[in-house]
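Me: I would like a close look at one part of this model. Please keep it brisk and connected.

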Amino acid sequence: MSKAEIDALTAEFFGAFDNRGGRTADVSRIRRLFLPEGVIVATGPKFAAYTVEEFIEPRRQLLSEGRLVEFSEWETSERTDMAGDIASRSGEYRKSGILDGEPFEGGGTKTLQFVRTPNGWRISACAWYDRP
C-alpha cells in the first residue's frame with residue numbers, strides 16, 4: 001500500500017484538464033485512471049452524475065475548441081485514508097482559466113475513492129462541490 005501511488009494518480013487526474021500554454025488537455029486519460037464502471041458526480045452548484053464516458057466528451061470539447069483556455073486545477077490540501085486495497089481522499093482544490101474570453105478563478109472540495117485492481121490503483125468514484 002503506497003500513498004505515493006495515490007498521490008500520483010490524483011495528480012494525473014487533475015492534470016488531465018490542463019491546457020495552459022497551448023497544450024492539449026488529455027481528458028481521454030481518465031479512461032485509464034478510472035474503473036470503466038466508475039461514477040463521477042458534481043453536487044453543486046448544479047447536481048449532475050456521469051459515467052466515465054459521459055464525463056469525458058463534454059470536457060474534451062470545452063478544453064479543445066477554444067471556449068476554455070489557460071485552464072488548470074490543483075489540490076491545495078488533502079487527507080487520504082488507506083486500508084488494504086481501498087483508499088479514500090478528500091481535498092480542497094483551486095482552478096483558474098479563461099472561459100469565453102473572461103478570466104475566472106474558483107475552487108471547491110473533491111472526494112476520490114480508489115481501489116487496487118490486478119492492474120494497479122484506479123479511481124472508482126469522484127464527487128465534487130464547486131463553491132459558488
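Leaving aside its neighbours within four places in sequence, which residues is serine 96 in contact with? Please set that residue in its strand, then take in the spaces that the strand helps to line.

Reply: This is a predicted model, so every statement here is about computed coordinates. Start with the residue itself. Serine 96 belongs to strand E4. Leaving aside neighbours within four places in sequence, serine 96 is in contact with Glu70, Phe71, Ser72, Trp74, Phe104 and Glu105. Is serine 96 buried or exposed? Serine 96 is buried, because its relative accessible area is 19% and the cut-off for buried is under 20%.

Now the strand. E4 spans 86-99. E3 spans 68-83. The two strands pair in the antiparallel sense, over 13 bridges. At the hairpin, alanine 83 stands opposite isoleucine 86 of E4. There are 2 residues between the strands of this hairpin. Glycine 84 takes a positive phi there, near 60 degrees. One general point helps in reading the strands. Side chains in a regular strand alternate between the two faces of the sheet.

Next, the pocket. The largest pocket has a volume of about 600 Å³. It is lined by 28 residues, and the closest to its centre are Arg59, Leu62, Lys95, Trp128 and Asp130. E4 is among the elements that give two or more residues to this lining. The others are strands E1 (34-44), E2 (48-51), E3, E5 (102-117) and E6 (120-130), along with helix H3 (52-64). By class, the pocket lining has 18 nonpolar, 3 polar and 7 charged residues.

Then the cavity. The count comes to 1 cavity of 30 Å³ or more. The largest cavity holds about 40 Å³ of space. Its lining consists of Phe14, Glu75, Arg89, Ser90, Gly91, Glu92, Tyr93, Lys110 and Leu112. E4 and E5 are the elements that give two or more residues to that lining. The largest share, 5 residues, comes from E4. By class, the cavity lining divides into 3 nonpolar, 2 polar and 4 charged residues.

To pull this together: E4 holds serine 96, pairs with E3, helps to line the largest pocket and gives the largest share of the lining of the largest cavity.

Definitions and conventions
Residues are numbered from 1 along each chain as its sequence is written. This is a predicted model: local features need pLDDT of at least 70, side-chain atom pairs count only at pLDDT 80 or more; totals for chains, interfaces and linings use all residues. Side-chain values use heavy atoms; hydrogens and water are left out. On a 1 Å grid over the protein atoms alone, a cavity is a set of points where a 1.4 Å probe fits but cannot get out, and a pocket is an open set with protein on both sides within 12 Å along at least five of seven lines; lining residues have an atom within 4 Å of a point. Grid points are joined across faces, edges and corners, and a volume is the space filled by probe spheres set on the points. Helices (H or I, at least four residues) and strands (E, at least two) are DSSP runs, numbered from the N terminus. Ala, Val, Leu, Ile, Met, Phe, Trp, Tyr, Cys and Pro count as nonpolar, Asp, Glu, Lys and Arg as charged, and the others, Gly among them, as polar. Two strands pair if DSSP finds at least two bridges between them. Buried means under 20% relative accessible area, exposed over 50%, partly exposed in between (1.4 Å probe, protein chains only). Contact means heavy atoms within 4.5 Å.
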